[in-house]
Amino acid sequence: MKFTNREKKGSKDQYFVVRTSKHIKFLLQNAKRSGVISIHLGCLDQNLLPDTIHTIWIAIGENKPVAMIEPNMLAPLAKDQLQKLLLTKKIKKVFFDSVKECACLKREGLAIGGRKFDVSIAFQLLNAGLAKKKMGLKDIIREYMDEMETFSFLLEKMDDTIKSAIEKVLALLVLRKIIIKDLRSYDLIETAELEFECVNAVID
């Protein structure tokens with residue numbers, strides 16, 4: 001299994017399906033090299049089970065294919081390896097809404113370890129008292145459009161398609177880099193990290 005540059009390939013080369021423990025180990029090795037991953041959850045939109053996860057999307061680099069994981073399709077050993085990846089402290093995990101997404105993962109029997117970065121919380125810190133309501137991923141991408149132009153597709157169509165999921169999870173990596181610069185400019189890094197650490201207390 002080899003990674004390819006997503007900008008030079010078609011949509012089929014932008015992601016790979018993870019089903020075996022071998023796939024997870026491969027993902028873990030590459031995640032350790034990058035030191036950071038972003039996570040996006042595809043959830044079933046049903047009245048009875050609105051937060052049931054059907055796919056977990058993991059990005060390990062802006063120009064690397066994204067891993068698509070279907071939890072129900074994983075063998076027990078593969079799920080154990082996935083848990084190891086999610087608990088690894090050396091790998092930072094980027095979420096859009098870590099409270100909701102970590103709670104959903106917990107219901108699937110998957111815990112998150114190590115440091116987190118929550119795009120939504122960080123953006124709220126930078127805009128304290130200015131935003132009238134909590135902004136979605138599309139709104140935040142629009143705010144940084146000069147640096148997020150390659151993700152303009154999401155402003156037109158943000159749905160549950162594979163293409164949309166790939167762009168969402170990759171956008172989180174880019175937004176993290178942009179927002180960290182702003183947090184440093186306003187001396188808010190430590191405040192943000194304290195906020196991120198509170199996520200576990202909220203979901204427990």
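**Exercise 1. Determine which strands helix α4 lies across, and how α4 is placed against α8.**

Step 1. Helix α4, residues 119-126, lies across β5 (92-95) and β6 and runs at about 60° to β6. Helices (H or I, at least four residues) and strands (E, at least two) are DSSP runs, numbered from the N terminus. Axes are lines fitted to C-alpha atoms, for helices over the stretch in contact, and angles run from 0 to 180 degrees between N-to-C directions. The model is a predicted one, in which local features need pLDDT of at least 70 and side-chain atom pairs count only at pLDDT 80 or more, while totals for chains, interfaces and linings use all residues. Residues are numbered from 1 along each chain as its sequence is written, and side-chain values use heavy atoms, with hydrogens and water left out.

Step 2. The helices α4 and α8 pack at an angle of about 140°, and their axes are 10 Å apart. Angles under 35 degrees count as roughly parallel, over 145 as roughly antiparallel, 65 to 115 as roughly perpendicular and the rest as oblique. The two helices α4 and α8 are therefore oblique to each other.

Step 3. The residues that meet are I121, A122 and L125 on the α4 side, and T191, A192, E195 and F196 on the α8 side, where contact means heavy atoms within 4.5 Å.

**Exercise 2. Work out the strand order of the open sheet and why one side of β1 and of β6 is left without a neighbour.**

Step 1. The open sheet has six strands in the order β1-β4-β3-β2-β5-β6, and its pairing is mixed. Two strands pair if DSSP finds at least two bridges between them.

Step 2. Because β1 and β6 stand at the edges, each with a single partner strand, one side of each is left without a neighbour in the sheet. Neighbouring strands of this sheet are turned by 25° against each other on average, direction ignored.

Step 3. Strands of a sheet pair through backbone hydrogen bonds, either parallel or antiparallel. Here β2 and β5 run parallel and are joined by three bridges, with V36 standing opposite K92 in β5. By contrast, β2 and β3 run antiparallel and are joined by six bridges, with H40 opposite W57 in β3. Strands β3 and β4 also pair in the antiparallel sense, over three bridges, and W57 stands opposite M68 in β4.

**Exercise 3. Establish whether G35 is buried or exposed, and which residues it contacts beyond its neighbours in sequence.**

Step 1. G35 lies in the loop between α1 and β2 (36-43). Buried means under 20% relative accessible area, exposed over 50%, and partly exposed in between (1.4 Å probe, protein chains only). G35 is buried, because its relative accessible area is 14%.

Step 2. Leaving aside neighbours within four places in sequence, G35 is in contact with K90, I91 and K92. The C-alpha atoms of G35 and K92 are separated by 6.2 Å, although the two residues are 57 apart along the chain.

Step 3. The strand β2 is itself mostly covered, since seven of its eight residues are buried.

**Exercise 4. Count the salt bridges and describe how R19 and E62 are each paired.**

Step 1. Side chains of opposite charge can pair when their charged atoms come close. A salt bridge is a side-chain nitrogen of Lys or Arg within 4 Å of a carboxyl oxygen of Asp or Glu, and by this rule the count comes to four.

Step 2. R19 forms a salt bridge with E70, with the closest N and O atoms 2.8 Å apart. This pair links distant parts of the chain, 51 residues apart: R19 is in the loop between β1 (15-18) and α1 (21-34), and E70 is in the loop between β4 (66-69) and α2 (76-87). R19 counts as partly exposed at 38% relative accessibility, as does E70 at 21%.

Step 3. E62 forms a salt bridge with K177, with the closest N and O atoms 2.9 Å apart. This pair likewise links distant parts of the chain, 115 residues apart, with E62 in the loop between β3 (53-59) and β4, and K177 in helix α7. E62 is partly exposed at 30%, and K177 is partly exposed at 46%.
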